[in-house]
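Biologist: I'd like a close look at a single part of this protein, with enough of the surroundings to place it. Could you walk me through one helix?

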Amino acid sequence: MKIYTGGGDDGSTGLYYGGRVPKSAAGPEAYGTVDETVAALGVARSLADPETAARLIDLQRQLFVVGAELATDPANRHKLSEGVSLVTTAMVTALEQRIDRIVEESGMPTEFVVPGGNALAAALDNARAVGRRAERRAVAAVTGDSQVVPYLNRLADLLYMEARAAESEWQPVRTEEDQ
């Protein structure tokens, strides 16, 4: 078996459970950006302490569930397995609980924050921005009662708070001199 097949040389890509679509279609755009988010989280994970790294690899694995759902023709969505290839409400709720824990421990910024307090925070903010793009792309790709968009929305919120928790202090957009 080879890594390359040549099947996509015509500009199309295969879907989970069959079918082909143009690589520029909404689904491939969305799951491609989810893949970018996974890679960006990998950069953040490489900079993290073991506890944070464990949380980040968990998110990377969950994003494969998101990608699987986005890579499936809506007509085959019924074939997906909850939590394996189909995003669930429980997955969204778990992100909300993680966000709430960080807010309890670290507090919540009261104004916009300039990213880059340290390398890990900067990498998390980059992953957040890529995740927001994945969310925007997913809006055009999902149908029905999919939890993909809520999941990506909460993921970006979580990554924002993880970045703030990784910084010793936040750098606000405006200084007291600006006010």
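Biologist: Before you zoom in, in what order do the elements of the protein chain run from the N terminus on? After that, take helix H3 and tell me which of its residues are buried.

Modeller: Sure. Keep in mind that this is a predicted model. Going from the N terminus, the elements run β-β-α-α-α-α-α, so we've got five helices and two strands by the DSSP runs. The chain has 179 residues, and 39% of them count as buried. Its C-alpha trace spans about 55 × 35 × 30 Å along the principal axes. As for how the chain meets itself, take the contacts with a separation of 6 or more: 72% of them link residues 24 or more positions apart.

Now for H3. This helix covers residues 89-106, 18 residues in total. From its first C-alpha to its last it reaches 26 Å, close to the 26 Å you'd expect at 1.5 Å a residue. The buried residues here are Met91, Val92, Leu95, Arg98, Ile99 and Ile102. Look down the axis of H3 and those buried residues fall within an arc of 120 degrees, so they line one face of the helix. Flip to the face turned away from that buried side and you'll find the exposed residues Ala90 and Glu104. Right after H3 comes glycine 107, with a positive phi near 85 degrees.

What do the buried residues of H3 pack against? They go up against H2 and helix H5, the latter being residues 148-166. Since H2 is one of those partners, here's a residue from it: threonine 52, which sits in H2 (residues 50-70). Threonine 52 has a relative accessibility of 8%, and because the cut-off for buried is under 20%, it counts as buried. Setting aside neighbours within four places in sequence, threonine 52 is in contact with Leu120 and Glu162.

There's some ring geometry to check while you have the model open, too. Arginine 164 lies over the face of tyrosine 160, 4.8 Å from the ring centre. The structure also holds one aromatic pair. That pair is tyrosine 16 with tyrosine 17, and it's tilted, with 4.6 Å centre to centre and 50 degrees between the planes. Tyrosine 16 is partly exposed at 37% relative accessibility, and tyrosine 17 is partly exposed as well, at 38%.

And a surface figure to finish: the chain's accessible surface comes to about 9,900 Å², with 52% of that belonging to carbon and sulfur atoms.

Methods:
Residues numbered from 1 in each chain as written. Predicted model: local features only at pLDDT ≥ 70, side-chain atom pairs only at ≥ 80, totals over all residues. Heavy atoms only, no water. Helix = DSSP H or I, 4+ residues; strand = E, 2+ residues; numbered from the N terminus. Buried < 20%, exposed > 50% of the residue type's maximum accessible area, 1.4 Å probe, protein only. Contact = heavy atoms within 4.5 Å. Expected span 1.5 Å × (residues − 1). Arc of directions from axis to C-beta. Phe/Tyr/Trp six-rings, centres within 6.5 Å; stacked < 30°, edge-to-face > 60°. Lys NZ or Arg CZ within 6 Å of the ring centre and 35° of its normal. Areas by Shrake-Rupley, 256 points an atom, 1.4 Å probe, with all protein chains shown as cover.
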